[in-house]
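Please load the model in your viewer and keep the sequence panel open beside it. The tour below moves from one selection to the next and says what is to be found at each stop.

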Amino acid sequence: MGELRPIAASFVAPGPSGVAVRDRLKHLTPADEDILRLVGEHMGALASRDLKARCADGLEHSADAWAVRKRELTPMSSSRWAGALTKATHDQWALARRGQAAHIQNLEAGIKTVAHRLSLPLAEKGSRHAGGGYRSKREWHAKTRRLHLLEDRLHRARADRDAGRVRVVRGGKRLLNTRHHLAKAQLTEAQWRKRWEAERWFLAADGESGKRFGNETIRVTGDGELSIKLPAPLAHLANSKHGRYALTGKVAFAHRGTQWADRIAANQAVAYRIHYDVPRGRWYLTASWQRPLVRTVPLKAALAGGVIGVDTNADHLAAWQLDTHGNPIGEPRRFSYDLSGTATHRDAQIRHALTRLITWAQRLGVKAIAIEDLDFTADKTREKHGRKRRFRQLISGMPTGKLRARIVSMAAEAGLAIVAVDPAYTSKWGAQHWQKPLTSTNRKTSRHDAASIAIGRRALGHPIRRRTAPPRDDQSDHRGHRTVQARPGNRGREETRPPSSRTTHPMRAAGPWSESG
């Protein structure tokens, strides 16, 4: 049996660093929509040109080259438009580099796994941490070809990385590939073309503290009036002073509207982005700003009132409340969600489940929620699990990244701390030590419920197992009590306890019931 990997220490997840709210732009006239399209197309063409120049610079890019690009774009837009555009280009190139590095890591992991399995005899049994030999000569031969393919991909990816080349698609690679599968996407070429053009528009401006209402390019006043600083070639279309175009619709942020109003009243920076939803035919405005860094609550203080352990699954969150001693309290809870359908539907399902979880935690008075620090990047590859396609799809369907971001931001607003724990062996050990003892005729404890207890106990710093091995002698008086025990005064412990009268058995009548086992 292989050695167990070390368990990482639990920690309080830092809160969100920014805020974003969105509102629909209503009551726009056809002239307003035409202006938005013209500005979006013009700035989108400049963004594509700037991204091409940035990719051509590669690793030779410098601050001087950045300044040159900005000066070239200023006459065709404005100084602030050029600054927002070049910054967005720089961020997009950096994101592509991070994706390139992650792709190389995945290829290296796949090559290592395939090479290891090819070196083993056929049908040799594997372990949890390393796969065994392939089942047949046919599969072994197919995997040798797969190995050469992965090595070729890795060679090309490393060459791109060393040369500073990145693969970037303005508008999105997924939408670009949809062009070749219009029937499957149930789109006509004209419908796809509208989406493609809208995704390539550029209607975004960074905020600037000290300027009026926090943004000089896209400005929203306190009464909801939205105006845009038109680029220089379109300045003749302005209907307001200083080359600005004021839209007829009003903006009113229902969510965090008070925070937004306080920021623009103090002339603090607020970034805006205007987006057109082609399927719905609606325009939206997104406002975002940075939050001041808040020091996280110490782990000990967050766990002072107990914790709620949460086990993340493909279709639900399994949760159970634990006291400070690691004992489960009350009944387990399950918060279900459906991850089928569109991305908007999936996101709404996750938010709804997390809202119910946080509301339940507030009603209990708990100040911390423990959740696994999950990352399935290396666990959903075909090289590791091979034929287990359904298992790979199950792991891929778990919204680990989006759920982690959502729960941190929503819990921060509710005044709750999120404690991230190491996910190693929580399901296995939870089922081994907690599932059977907590199952009765009135309650059926699932494996996921037991895993939530294991997660909560690990956050509290307790071992997952219910109690340590008994003393080596026949009497506990020789060696002392077991160490993993609840305090004698805590009557909320698991398992059956003798009546408080202590008269049901002569051995119990002599003194208080002890926890020596």
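For the first stop, a helix is to be read as a DSSP run of H or I with at least four residues, and helices are numbered from the N terminus. With that in mind, select Gly-164, which comes just after α4 and takes a positive phi of about 80°. Everything shown here belongs to a predicted model.

Now extend the selection back over α4 itself, residues 137–163. The 27 residues of this helix should span 39 Å at 1.5 Å a residue, and because its end C-alpha atoms are 39 Å apart, the expected and the modelled span agree. Which residues of α4 are buried? Colouring by accessibility should pick out Glu-139, Lys-143, Thr-144, Arg-146, Leu-147, Leu-150, Leu-154, Ala-157 and Asp-160. When reading such a list, recall that an α-helix has 3.6 residues a turn, so residues three or four places apart point the same way.

Next, step back along the chain to the loop between α3 (79–118) and α4, where Ala-123 lies. Most residues other than glycine have a negative phi. The phi of Ala-123, however, is near 65°, a positive value in a residue other than glycine, and at 56% relative accessibility Ala-123 counts as exposed. A second residue of this kind is Asn-267, with a positive phi near 60°, which you will find in the loop between α8 (257–265) and β7 (271–277). Is Asn-267 buried or partly exposed? Its relative accessibility is 29%, so Asn-267 counts as partly exposed.

From there, select residues 218–220 and 225–229, which are β4 and β5, two strands that pair in the antiparallel sense over three bridges. Val-220 stands opposite Leu-226 in β5, and in the hairpin, which has four residues between the strands, Gly-224 takes a positive phi near 90°. Adding residues 244–250 brings in β6, which pairs with β5 in the antiparallel sense over four bridges; here Ile-228 stands opposite Tyr-245 in β6.

The next selection is an open sheet of six strands, whose order is β1-β13-β12-β9-β10-β11 and whose pairing is mixed. At its edges stand β1 (11–12) and β11 (328–336), each with a single partner strand, so that one side of each is left without a neighbour in the sheet. Within the sheet, β9 (residues 307–312) and β12 (residues 368–372) pair in the parallel sense over three bridges, and Ile-308 stands opposite Ile-369 in β12.

Keep the sheet displayed and add helix α10 (residues 343–364), which packs on it and touches β9, β10 (316–322), β11 and β12; the direction of α10 makes about 160° with that of β11. Then add helix α15 (residues 447–460), which also packs on the sheet, touching β9, β10, β11, β12 and β13 (417–421), with its direction at about 50° to that of β10.

Finally, clear the selection and view the whole protein, which has 17 helices and 13 strands. Of its 517 residues, 39% are buried, and the accessible surface comes to about 29900 Å², of which 51% belongs to carbon and sulfur atoms. Among contacts in the protein with a separation of 6 or more, 66% are accounted for by residues 24 or more positions apart.

Note on methods:
Residues numbered from 1 in each chain as written. Predicted model: local features only at pLDDT ≥ 70, side-chain atom pairs only at ≥ 80, totals over all residues. Heavy atoms only, no water. Pairing = 2+ DSSP bridges. Contact = heavy atoms within 4.5 Å. Axes fitted to C-alpha atoms, helices over the stretch in contact; angles between N-to-C directions. Buried < 20%, exposed > 50% of the residue type's maximum accessible area, 1.4 Å probe, protein only. Areas by Shrake-Rupley, 256 points an atom, 1.4 Å probe, with all protein chains shown as cover. Expected span 1.5 Å × (residues − 1).
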